[in-house]
Amino acid sequence: GHKIYLAGFLRLINNFAKTLHRLGVEERTCIGFLGHNSPEHLISLMGAINANCIITEIYTTNNAASALW
């Protein structure tokens with residue numbers, strides 16, 4: 001598989017945070033992420049946290065029963 005080292009991982013997180021700001025996303029904005037466990041999903045979540053946004057994750061495998069838990 002593809003390997004990424006910490007410096008590259010942090011660069012991608014910072015780039016995503018900067019992109020959010022360039023798109024006009026302000027701090028403390030609520031952002032929902034629809035995704036699955038992948039490097040891209042983690043990078044986007046960490047980037048949103050780095051941009052001081054409020055995040056929520058939406059998993060496609062969630063159903064009503066698991067939401068109640």
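## Reading helices, turns and cysteines in a predicted chain

Analyst: In helix α2, the residues that count as buried are His41, Ile43, Ser44, Leu45, Gly47 and Ala48. This is a predicted model, in which local features need pLDDT of at least 70 and side-chain atom pairs count only at pLDDT 80 or more, while totals for chains, interfaces and linings use all residues. Residues are numbered from 1 along each chain as its sequence is written, and side-chain values use heavy atoms, with hydrogens and water left out.

User: Against which elements do the buried residues of α2 pack?

Analyst: Two terms are needed before the case itself. Buried means under 20% relative accessible area, exposed means over 50%, and partly exposed lies in between (1.4 Å probe, protein chains only). Contact means heavy atoms within 4.5 Å. In this structure, the buried residues of α2 pack against α1, β1 and β2. Ser44 offers an example, as it lies in helix α2 and is buried at 10% relative accessibility. Beyond its neighbours within four places in sequence, Ser44 is in contact with Phe16 and Phe33.

User: How many helices and strands does the chain have, and which pattern do they follow?

Analyst: Helices (H or I, at least four residues) and strands (E, at least two) are DSSP runs, numbered from the N terminus. The chain here has 3 helices and 2 strands, and reading along the sequence gives the pattern α-β-α-β-α. The C-alpha trace spans about 40 × 35 × 15 Å along its principal axes. Of the 69 residues in the chain, 23% are buried.

User: What span should α1 have, and how far apart are its end C-alpha atoms?

Analyst: The expected span of a helix is 1.5 Å times one less than its number of residues. For α1, with 17 residues, that gives 24 Å, and the end C-alpha atoms are indeed 24 Å apart, so the two values agree. Within this helix, the C-alpha atoms of Arg22 and Gly8 are 14 residues apart along the chain and separated by 21 Å. The 12 residues of α2 should span 16 Å, and the distance between its end C-alpha atoms, 16 Å, agrees as well.

User: Which residues of α1 are buried, and what covers them?

Analyst: An α-helix has 3.6 residues a turn, so residues three or four places apart point the same way. In α1 the buried residues are Gly8, Ile13, Ala17 and Leu20. Their cover includes β1 and α2. Arg22 is also found in helix α1, but Arg22 is exposed, because its relative accessible area is 64%.

User: Where in the chain does a residue other than glycine have a positive phi?

Analyst: There are two cases to examine. Arg28 has a positive phi of about 70° although it is not a glycine; this residue is found in the loop between α1 (6–22) and β1 (30–35). Arg28 is exposed, with a relative accessible area of 52%. Asn52 likewise is not a glycine and has a positive phi, of about 65°. Asn52 lies in the loop between α2 (39–50) and β2 (54–59), and with a relative accessible area of 30% it is partly exposed. A glycine with a positive phi follows α1: Gly24, near 95°.

User: How many disulfides does the structure hold, and why do Cys30 and Cys53 not form a bond?

Analyst: A disulfide is a pair of cysteine sulfur atoms within 2.5 Å. The structure holds 0 disulfides. The cysteine sulfur closest to that of Cys30 belongs to Cys53 and is 8.8 Å away, so the distance is too far for a bond. Cys53, in turn, is in no disulfide, and its nearest cysteine sulfur is that of Cys30. Cys30 counts as exposed, at 61% relative accessibility, whereas Cys53 counts as buried, at 8%.

User: What is the accessible surface of the chain, and how much of its contacts join residues 24 or more positions apart?

Analyst: Accessible areas come from the Shrake-Rupley method with a 1.4 Å probe; for residues, only the protein chains shown count as cover. The accessible surface of this chain comes to about 5,400 Å², and carbon and sulfur atoms hold 61% of that surface. Among the contacts with a separation of 6 or more, 61% involve residues 24 or more positions apart.
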